[in-house]
Amino acid sequence: MSSEKNKPEVRFTGVGVSSGIARGTIYVVRDDFEDVVRYRIQPSEIAGEIGRFETALIQTRAQILEMQQQIAEAIGAKDAGIFDAHLLVVEDRTLIDEVLRKLETDLCNVEFIFQEVATHYAETLGKIDDPYLRERALDIQDVTRRVVRNLQGKAPKAFLGLTTEHILVAHNITPSDTATMNREHVLGLATDLGSRTSHTAIMARSLEIPAVVGLHDVTGKLETGQEVLLDGYNGLLILNPTAETLWLYGELKHRKELVAEQLTGLRETISTTRDGRHVVLSANIELPDDVHSVTENGAEGIGLYRTEFLYLNRPVLPTEEEQYETYRTVAERVAPHPLIIRTFDLGGDKIATGMEADDEQNPFMGLRAIRFCLKNLAIFKSQLRAILRASAAAGNVKIMFPMISGVHELRQALAVLEECKTELQRDGVPFSSKTEVGAMIEIPSAALCAEALAREVDFFSIGTNDLIQYAIAVDRVNEQIAHLYEPTHPAVIRLLKMVADAAHARSIWVGVCGEMAGDLAMVPLLLGLGMDELSVSASLVPRVKRAVQSLSVPECEQLVQDAMALEEPAEILGRCTEVAQRHYADLIG
Ligand code: PEP
Ligand code: MG
């Protein structure tokens with residue numbers, strides 16, 4: 001690649017969420033609709049396109065009516081009336097006639113034409129200074145999405161099928177898009193939306209794809225085919241990089257490679273502090289294939305296997321048998337180290353096929369994780385049976401329940417697990433009766449009730465990604481309030497301390513598997529709080545190991561003591577960074 005001559009370099013600043021540098025040509029996906037690819041049709045195909053359009057409109061109408069009925073039953077006919085306006089859109093003759101006319105003149109696929117016509121229509125209405133018409137523009141956008149989705153069926157998104165190397169620049173990328181991405185072709189990711197703890201960012205780190213999110217409206221400023229440099233360390237997207245920029249980045253890459261090389265020497269070493277305390281350092285995985293990077297990076301097992309990723313973007317859930325095979329294979333590959341399998345955490349930003357995201361107003365506080373499983377017992381039980389069966393293979397499997405909010409819920413989950421054990425025993429199917437069970441502590445109510453929860457389980461794993469979002473009421477995927485998402489908020493530190501103290505008072509171990517554990521500035525704080533385990537993205541394991549090996553427990557405990565006396569998150573962060581800088585400045589710079 002060479003930067004285009006005479007074109008000025010332009011820099012866009014966002015948040016670097018997956019380190020690394022990528023250079024290449026971009027492919028721009030502007031929003032949900034961008035996925036609608038335009039293709040030409042023959043005049044003889046027009047009738048077929050009209051047929052598809054009619055079917056999609058009928059389907060959309062039926063969906064709106066069904067939704068309207070559900071709402072009428074739940075909250076009354078008056079509120080259901082808002083969908084009358086949506087019904088008017090699917091019957092709008094001006095809109096429909098314009099689509100039919102353009103089919104004749106433009107000779108291209110109907111979803112493209114419909115999207116174009118409807119978007120133009122909505123934009124025109126949206127510009128008129130009349131609240132009623134502006135509302136109507138929103139109705140049109142909403143219905144357009146539905147019609148387009150129906151026209152597309154469940155067709156895979158076009159950008160997932162690209163077969164040439166590119167840097168994907170998108171308005172938003174869902175975790176399931178990332179899970180199904182061909183990493184051979186995707187050199188880097190850049191998005192308008194997003195944050196560090198979104199599952200898309202987590203996935204990018206696992207796949208070791210450089211990524212920058214929160215670039216606001218960058219998709220509106222770039223075109224497919226332009227050449228860029230993406231800096232995942234500093235959160236920069238650089239259009240038309242100059243020769244000097246390219247040279248500087250060549251240097252940076254070289255320095256980073258040197259540090260990485262030095263770190264590979266740590267692979268066989270243990271994460272023990274200078275004064276001899278062993279902190280288990282494990283890795284988080286999303287897909288079974290990630291196992292190779294767990295051992296490659298020298299982790300002591302898997303502290304969090306996000307099983308739901310295997311099931312995003314599939315029309316049906318896998319059978320118990322298929323799950324058993326998958327879990328067993330992962331367990332055998334990571335043995336003799338432990339494998340902590342988290343039961344499905346569907347919901348929030350991880351929407352499986354068949355679960356409609358927009359059916360919930362607050363998906364992160366909705367039917368997610370253990371709540372979903374306790375409501376869908378057949379799904380839950382088939383997963384638990386599969387995990388239990390896999391535990392017989394290498395004896396290293398542990399089970400963990402996500403989003404536990406209190407004792408009652410935990411006991412319900414444990415009762416279902418007991419039921420599965422009884423059934424397996426009855427059928428003579430082997431499993432390890434010593435399988436440890438843990439609870440994720442990621443809701444403030446669970447942290448506050450940690451003493452009671454500790455009586456029920458063998459370990460705790462703190463999900464700081466969620467714990468922070470719920471404690472401070474900051475949506476973890478909303479880039480507009482990302483500055484409020486502060487792991488060093490005094491409230492967060494108190495919650496963490498409460499959980500660690502409760503676990504130790506009941507003699508169970510406690511770990512942290514949220515992204516905070518992989519943040520080098522936070523490692524001293526977590527050690528000082530007494531965490532027994534840190535579970536991080538596999539690629540971060542060598543750096544975190546070096547950090548642990550450089551620190552001593554008394555110094556970390558002093559840091560916690562100091563932090564508990566401070567009131568501002570920034571002050572606490574400053575103290576943490578000072579300790580980290582003192583011991584491993586080269587890793588942080
Ligand atoms: C967490 O919430 O910190 C966690 C590890 O789980 P997830 O990121 O999958 O919600
Ligand atoms: Mg979580």
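Where does Arg368 lie? In this model, Arg368 sits in the loop between strand 11 (339–342) and helix 12 (370–375). Before I go on, some housekeeping, friends. This is a predicted model, in which local features need pLDDT of at least 70, side-chain atom pairs count only at pLDDT 80 or more, and totals for chains, interfaces and linings use all residues. Residues are numbered from 1 along each chain as its sequence is written, chains are lettered from A and ligands numbered from 1 in the order in which they are written, and side-chain values use heavy atoms, with hydrogens and water left out. Helices (H or I, at least four residues) and strands (E, at least two) are DSSP runs, numbered from the N terminus.

Back to Arg368. Is this residue buried or exposed? Arg368 counts as buried, at 0% relative accessibility; buried means under 20% relative accessible area, exposed over 50%, and partly exposed in between, with a 1.4 Å probe and protein chains only. Leaving aside neighbours within four places in sequence, Arg368 is in contact with a list of residues including His199, Asp345, Met403, Asp466, Tyr470 and Arg476, where contact means heavy atoms within 4.5 Å. For a sense of distance, Arg368 and Gly16 are 352 residues apart in sequence and 28 Å apart in space, C-alpha to C-alpha.

One of those contacts, Asp466, takes us to the metal. Which residues are the protein donors of the magnesium ion, ligand 2? They are Glu442 (OE) and Asp466 (OD), lying 2.0 to 2.1 Å from the ion. Donors here are N, O and S atoms within 2.8 Å of the metal (3.2 Å for Na, K and Ca), and water is not among the atoms, so sites may look incomplete. The pair links distant parts of the chain, 24 residues apart: Glu442 is in the loop between strand 13 (437–441) and helix 15 (444–448), and Asp466 is in helix 17 (residues 464–472). Both Glu442 and Asp466 are buried.

Another contact of Arg368 is His199, and His199 is one of the buried residues of helix 8. Nine of the nine residues of helix 8 are buried, so this helix is largely enclosed by the rest of the structure. Just after helix 8, Glu208 takes a positive phi of about 55°.

Now the big picture of the sheet. Eight strands form an open sheet in the order 1-8-7-3-4-5-6-2, with mixed pairing; two strands pair if DSSP finds at least two bridges between them. Strand 1 (10–13) and strand 2 (15–18) stand at the edges, each with a single partner strand, so one side of each is left without a neighbour in the sheet. From one strand to the next, the twist averages 30°. Helix 8 (residues 199–207) packs on this sheet, touching strand 2, strand 5 (186–191) and strand 6 (211–213), and its direction makes about 55° with that of strand 2. Helix 9 (residues 243–264) also packs on the sheet, touching strand 1, strand 3, strand 7 and strand 8 (236–239), at about 120° to the direction of strand 3. For these angles, axes are lines fitted to C-alpha atoms, for helices over the stretch in contact, and angles run from 0 to 180 degrees between N-to-C directions. Strand 3 (residues 21–29) and strand 7 (residues 227–231) pair in the antiparallel sense over five bridges, and Ile21 stands opposite Asp231 in strand 7.

Let's return to strand 11. Three bridges join strand 10 (residues 302–306) to strand 11, and the two run parallel; Arg306 stands opposite Arg342 there. Strand 11 also pairs with strand 12 (residues 397–401), in the parallel sense, over four bridges, with Ile341 opposite Ile399. In a regular strand the side chains alternate between the two faces of the sheet. Here Leu339 and Ile341 point one way from strand 11, Ile340 and Arg342 point the other way, and all are buried.

Last stop: a helix pair. How are helix 5 and helix 6 oriented to each other? They are roughly antiparallel, a label for angles over 145 degrees, with under 35 counting as roughly parallel, 65 to 115 as roughly perpendicular and the rest as oblique. Helix 5 (residues 110–127) and helix 6 (residues 131–152) pack at about 170°, with axes 8 Å apart. Their contact includes Phe114, Ala118 and Tyr121 of helix 5 and Ile140, Thr144 and Val148 of helix 6. Thanks for listening!
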